[in-house]
Structures are given as structure tokens and as C-alpha cells.
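Student: I would like a close look at one part of this model. Pick a helix, and then follow its surroundings outward.

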Amino acid sequence: MGKAPIKPRKEIKVERHSGISMLLKWDEKQNKYTEPQNSKKFRALKCIKGKKDSRMFYTLREAMDWRNAYSTKDMRDNHKPKSPLISEVWNRYKEAVFPSLEKSSVETKLYRSSFIQSLFAYRISDITPSHIDNIIRNAKGKTIKDGYKKRYNFDKELEELRVLFNWYKENDDYKCVNPILKRHYAMGKIKDIPVREKKMSPEEFVTFLKSLKQNCDALFYDLAITQFYTASRIQEMAGLQKGCVDFTQEQLTIRDVVVWDRHRKFGYLKERPKNGEVRYCSINETMKQSLLRQYNSSKCNYVFQKNGQPLMYRDVQYNYNKALKKSGLFPK
């Protein structure tokens, strides 16, 4: 079946406010146009000497203020080229920036672009700090209502929008004023991010290893041993290839890195660590036993694998946390 046709936009005049109308939203359930509850939009129209100009606003007060302050000087600005739509700037930004980014970074940016997409119908010159205020209020209210416990703030979404405006300013219009202000980050705060002490004492680490060995598969004990002695990120250990293990020279090459997607599943193998530098680590006797055990049992090119497939982040997370809980170190 094809998609249902998009209903045309409809507006109604606001009583006792000449030149201002409210946009109605099509309600599929009621099969009619209804007044939006959370994200109202108002169109203000001004006509001077037969020439018309209009703007969109989130609040009636902003629409009234714009009409009252409008003058013939503003009308002359209509002869200037209009600024592009946010959707147009976003598409050009993606074409220019995304090819140089890692796939995981692109995925993250797209995931955090909700604020940008909510402004697609607006021209970049029309966006004011008040628009951002309303977006944050609506998003924050919905998050609290839906009970998303892992949401602490909207800093990342605001940062993506700020970056987009800065990119436009640098490449298209140096006079463009970025509407993202410090107050928006404060407005978007829902709760404090908990501070956790992630550092283990030597005694705690030994306890953790013992618990890992007793309660989990040997794979994760060997993984933790190698990670510890090479001081590596877990992505580097999960991406360790057989060709990077030299038992003759007793040396590891830390080069390949696993990139997990947003759902913590295997995404792809990257050929450079986060800092871009290849490292070489000596293999001591304890590491050698762990590496040999996994190297010889591996069913693919990955040293640390499960059933011939690269490790998923949640498998590592589950087993490490299991060992912490069994040893009494969780959630510290």
C-alpha cells in the first residue's frame, strides 16, 4: 500500500490579533485539523504600501512583538536574497563534512540531529534564541513525561545544532548569529550526571580477576588479562587480529579497533586506534598463556571471538559486571 497523502497546512486567524494566524495540525485519529497542544506555531503577517512580509513564531507574544516593531526599513530587506532553509544547510553540511568522518561518528550525529530536524521548515535567519527555548521545553517535558531515566540533559543535541550554525557562519554568512546560548544548556538539564570512581586498587583488581576466572568463561578472563598488561581500550582488544600476535618475538601490535554501533553490536573494524598511533607491547608469560589459549581456539582472524564472530560490547559488559557483582565490587 502506498503512503497516505500529506494533508495541506491549514491556518485559522487568532481572535483580537489582526494579522496573526495559528497553524493547525492534522489529527489522523480524529480525521480533522486540531490545535497543537505542545508545539504551537503562529504566522505573523505585515502589509506596508501593498508589500507583504510574514514570519513564523512559536509563541503569540513573539508574533505580536514582531508585527508591532515592523517598519518600512524592514520591508526593504525583502529585496535581499532570502537565507536558506535549515534543511538545505543540513544537507550541504552532510555532503561537506560526513565523508571525512568515521561511520560511527556519522551515525551518532544523525541520532542527535532531532533538534536540527525540528527546524527544517525555517530559514536560518529566522531562528532566534526563543525558538531554541521552546524546542528545549517541549523535548524536556516529553522526556520527563515518558520517564526516560538515562537522559540527563540535551547538551549533545544542542552541540550538534551549534556546530551546524557555526559551519554555516564560516562558509556562507559571517554575519550569522548563533542562536545557541549558555542558558539553553542550563534549561536542558534534567538531573546531575552521577560521578563514579572507576579506578580499582591493586587488591580490588586481583579480586576482580579471581571472580572473572571462577564465574565467567575463560574468554573474558584472558581478555581482561591482556587488556590490563597492554593498558588498552576494550575496542583495541576486541579488534586484535591473529596477524598482530608474534609469539616468536613475544610482541603484540595494537593496531586494529572494533567499532560497535549504537546498539552495542559489531559495526566494523577500523585500522587505526583512537589516537591514530600503532603501539607495540611485549608479551609476558601471563599474557602468553591467555593469548595462546584464545589464539588456538579462535575460529576466525580475531584472537578474542565468540563462535567465530567478533565480540559484542554487551557480552563484555555483562561478564565484567557479573564478576564485579560476585566479588562485591559492584556498583563501586
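Tutor: What follows starts at helix α6 and then works through its neighbours and some other parts of the chain.

This is a predicted model, so treat each value below as computed from predicted coordinates.

Start with the helix itself. α6 has 18 residues. From its first C-alpha to its last, α6 reaches 26 Å. That is close to the 26 Å expected at 1.5 Å a residue. Just after α6 comes G147, with a positive phi of about 75 degrees.

Which residues of α6 are buried? They are H131, I132, D133, N134, I135, I136, A139 and T143. The cover over these buried residues includes strand β5 and the helices α1, α5 (114-117), α7 (155-171) and α8 (182-187).

R137 also lies in α6. Is R137 buried or partly exposed? R137 counts as partly exposed, because its relative accessibility is 48%, and the partly exposed range runs between 20% and 50%. R137 can also be placed against H184, which is 47 residues away along the chain. The C-alpha atoms of R137 and H184 are separated by 9.8 Å.

Now take α1, one of the elements that cover α6. Helix α1 spans residues 60-69. Its buried residues are E62, A63, M64, W66 and R67. What covers them includes α6 (129-146) in turn. Three strands also belong to that cover: β2 (20-27), β4 (42-48) and β5 (51-57). β5 therefore appears in both lists: it is part of the cover of α1 and part of the cover of α6.

β2 leads to a backbone detail. R16 is found in the loop between β1 (10-13) and β2. R16 has a positive phi of about 65 degrees, although it is not a glycine. R16 is exposed, with a relative accessible area of 78%.

Next, α7, another part of the cover of α6. How does α7 pack with helix α3 (residues 86-97)? The angle is about 85 degrees, and the axes are 10 Å apart. α3 and α7 are therefore roughly perpendicular to each other. From α3, the contact takes in I86, V89, W90, R92, Y93, A96 and V97. From α7, it takes in V163, L164, F165, W167 and Y168. By class, the contact of α3 with α7 has 11 nonpolar residues, no polar residues and 1 charged residue.

Another helix pair lies further along the chain. Helix α10 (residues 218-230) packs with helix α13 (residues 313-326) at an angle of about 90 degrees. Their axes are 10 Å apart. That makes α10 roughly perpendicular to α13. F220, L223, A224 and Q227 make the contact on the α10 side. D315, V316, N319 and Y320 make it on the α13 side. By class, this contact has 5 nonpolar, 2 polar and 1 charged residues.

T226 is found in α10 too. T226 is buried, with a relative accessible area of 0%. What does T226 touch, leaving out residues up to four places away in sequence? The list is M237, L252, M287, S290, L291 and F304.

L252 takes us to a sheet. L252, in β7, is the bridge partner of V245. Strand β7 covers residues 251-254, and 2 bridges join it to β6. β6 and β7 run antiparallel. The open sheet has 3 strands in the order β6-β7-β10, with antiparallel pairing. Why is one side of β6 (245-246) and of β10 (279-282) left without a neighbour in the sheet? Each stands at an edge with a single partner strand, so one side of each has no neighbour there.

The loop between β6 and β7 holds E250. E250 has a positive phi of about 55 degrees, although it is not a glycine. E250 counts as partly exposed, at 37% relative accessibility.

One last backbone detail comes after α13. P331 lies in the segment after that helix. A cis peptide bond joins F330 and P331, with omega at about 10 degrees.

Terms used:
Residues are numbered from 1 along each chain as its sequence is written. This is a predicted model: local features need pLDDT of at least 70, side-chain atom pairs count only at pLDDT 80 or more; totals for chains, interfaces and linings use all residues. Side-chain values use heavy atoms; hydrogens and water are left out. Buried means under 20% relative accessible area, exposed over 50%, partly exposed in between (1.4 Å probe, protein chains only). Helices (H or I, at least four residues) and strands (E, at least two) are DSSP runs, numbered from the N terminus. Contact means heavy atoms within 4.5 Å. The expected span of a helix is 1.5 Å times one less than its number of residues. Axes are lines fitted to C-alpha atoms, for helices over the stretch in contact, and angles run from 0 to 180 degrees between N-to-C directions. Angles under 35 degrees count as roughly parallel, over 145 as roughly antiparallel, 65 to 115 as roughly perpendicular and the rest as oblique. Ala, Val, Leu, Ile, Met, Phe, Trp, Tyr, Cys and Pro count as nonpolar, Asp, Glu, Lys and Arg as charged, and the others, Gly among them, as polar. Two strands pair if DSSP finds at least two bridges between them.
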